[in-house]
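Please work through the exercises below with the model open beside the text, and try each task before reading its solution.

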Amino acid sequence: MNVQYMKRALALARIGAGQTSPNPMVGAVIVKDGRIIGEGYHAFYGGPHAEVNAIENALEDVEGAEIYVTLEPCSHYGKTPPCALKLIEKRFSKVYVAMEDPNPLVAGRGIQMLRKQGIEVEVGLLEEEARALNEVFLKYITQKKPFCVLKAAMTLDGKIATVTGESKWITSEASRAYVHQLRHELRAIMVGIGTVLADDPALTTRLEDGNGRDPVRVIVDSRLRIPLEARVLRNKSLSPTIIATTDKADPDKATALQAMENVQLIITPEKDGKVDLDYLMFVLGEQGIDSLLLEGGATLNASALESGIVDKVMMFIAPKILGGQNAPTPVGGKGIEVIEKAVQLKAMKVVPVGEDIMVEAAVVGR
Ligand code: AOF
Ligand code: ZN
C-alpha cells in the first residue's frame, strides 16, 4: 500500500474541477510491480469514468495490477456500464478505494461486487481528503440541494464596507482572483437585491486565461425592486439569471422580467415576509444546480445562516482596519443573543492568499 498513489489519484481527480458537476471528481492510478502503469480521471460530465480512462491509458497489460480510486467503483448502468465489472473483467488483484460512493444507486454495491469475485478491496485510504474534494457531490447526491458556500471579504476589524458604504476593494487582487476561480467551479452565485441596487454587479467569471464558466446568477428580491437595466439582466452570458421572489411582488414587474431573454423567475412562499431560502434551494436543486456561492450582503447572509442552508464559510480578511460603529459586517440581521446558540463551525483552516488570509470552515448542522 502506498499513500502516494492515492495522493496522485486525488490530484488527477482535481483536474476535472468545474467540468464534472453535478457528478463527482474522480481519479484513478494503476500500479504494477511498484510502478505506475496507467492514470486517468473523470474529465467532464457524462464522459468515461476515471477507472475506464486509466485502463485505456495503461502502457502495459493491467492483469494482476492494483488500482487506486478516489471513489468506490460504480455498480450501476448509467451513461456507462459499471466500473466494478470492468475491474473484474480486467482481473485486477486489488482495489484501493478512498471512500464509499454515497450515490444511493451505488452505496457499497461496487465494493461488494468486487469482493464477491475474490478481488481484495481496501476502503478508507485518504478518506478525509476524498470527502473534502467531493463535498459538493456528497451533499447534492443525498439531499438534492446545492452545497452553499458563504463568502465574504472584510478588514481585520470585520468590516465589509466603510461607513459610507464603499467596498471596492477591501481585499487584494489575489483574493479576487481566488473568488473568480470559485465562481468558475460552483454552478450558481447568489446575492441580495441590496447588492444589485448598490453595486450593479455583473456576477460573471473573469479568469486571467479568459476560459471561466459563468455561474447561474440568482438574485434574491422579495419585492422585485430590480431595475430592468441592471447588468445581471442585460449582460450577455451563457448562464441565465434567476430572480427569486415571493407571491407578494408586483405581477406586472414579474411579467416584464419573465419576458426578458435568459431571465427566469422563481416564486417561493413568504417566510417572515421574505423569500423562503430553504424552498429556493430545493427548486435550484431540481434544476440541477449542485453548488452555490453566496456573496450575500449582511442581510441575506444572516437569513441564509438562520435558515440553515449554508454548508461552508470562506472569509477573506485583508490587513486593513476601517472602524466605524455603523460600518457593515458580514452577517447582519437581528443577531443571536446568547453565545450558546451561535452558529458553530468546525474544521477551520487558514490559507494565506496574497497579502490577505482566507479562513474556511464547515457549518455544523443543527
Ligand atoms: C463519474 N465519474 O469517474 C465515477 C463516477 O451518470 P453516470 O453514468 O456517469 O454515473 C454517475 C455516477 O457514477 C456518479 O453519481 C457516481 O455515483 C458514480 N461514479 N461518476 O461521473 C467517475 N467513478
Ligand atoms: Zn464508474
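The exercises that follow concern a predicted model, and each task is followed by a stepwise solution.

**Exercise 1.** Determine which residues of helix H2 (residues 50–57) are buried and what covers them.

*Solution.* Begin with the burial cut-off, by which a residue is buried if 20 or more other C-beta atoms lie within 10 Å of its own. Applied to helix H2, this gives Ala50, Glu51, Asn53, Ala54 and Ile55 as the buried residues. Next, look for the elements in contact with these residues: the cover includes helix H1 (3–14) and helix H3 (83–89), together with strand E1 (27–32), strand E2 (35–41) and strand E3 (66–69).

**Exercise 2.** Describe how the chain is divided into domains and what the contact between them consists of.

*Solution.* The domain assignment gives domain 1 as residues 3–135 and domain 2 as residues 144–363. The C-alpha centres of these two domains lie 35 Å apart. The contact takes 5 residues from domain 1 and 8 residues from domain 2, and on the side of domain 1 that touches domain 2 the residues divide into 2 nonpolar, 2 polar and 1 charged.

**Exercise 3.** Characterise strand E15 (residues 345–353) by its burial and by its pairing with strand E16 (residues 356–363).

*Solution.* Count the buried residues first: among the 9 residues of E15 the count is 0, so that the strand is hardly covered. Then turn to the pairing, where E15 and E16 run in the antiparallel sense over 7 bridges, and valine 350 has valine 359 in E16 as its bridge partner. Finally, inspect the hairpin of E15 and E16, which has 2 residues between the strands and in which glycine 354 takes a positive phi near 55 degrees.

Note on methods: Residues are numbered from 1 along each chain as its sequence is written. Chains are lettered from A and ligands numbered from 1 in the order in which they are written. This is a predicted model: local features need pLDDT of at least 70, side-chain atom pairs count only at pLDDT 80 or more; totals for chains, interfaces and linings use all residues. A residue is buried if 20 or more other C-beta atoms lie within 10 Å of its own, exposed if 12 or fewer, and partly exposed in between; C-beta atoms are placed from the backbone. Helices (H or I, at least four residues) and strands (E, at least two) are DSSP runs, numbered from the N terminus. Two residues are in contact if their C-beta atoms, placed from the backbone, lie within 7 Å. Domain bounds come from an automatic or database domain assignment. Ala, Val, Leu, Ile, Met, Phe, Trp, Tyr, Cys and Pro count as nonpolar, Asp, Glu, Lys and Arg as charged, and the others, Gly among them, as polar. Two strands pair if DSSP finds at least two bridges between them.
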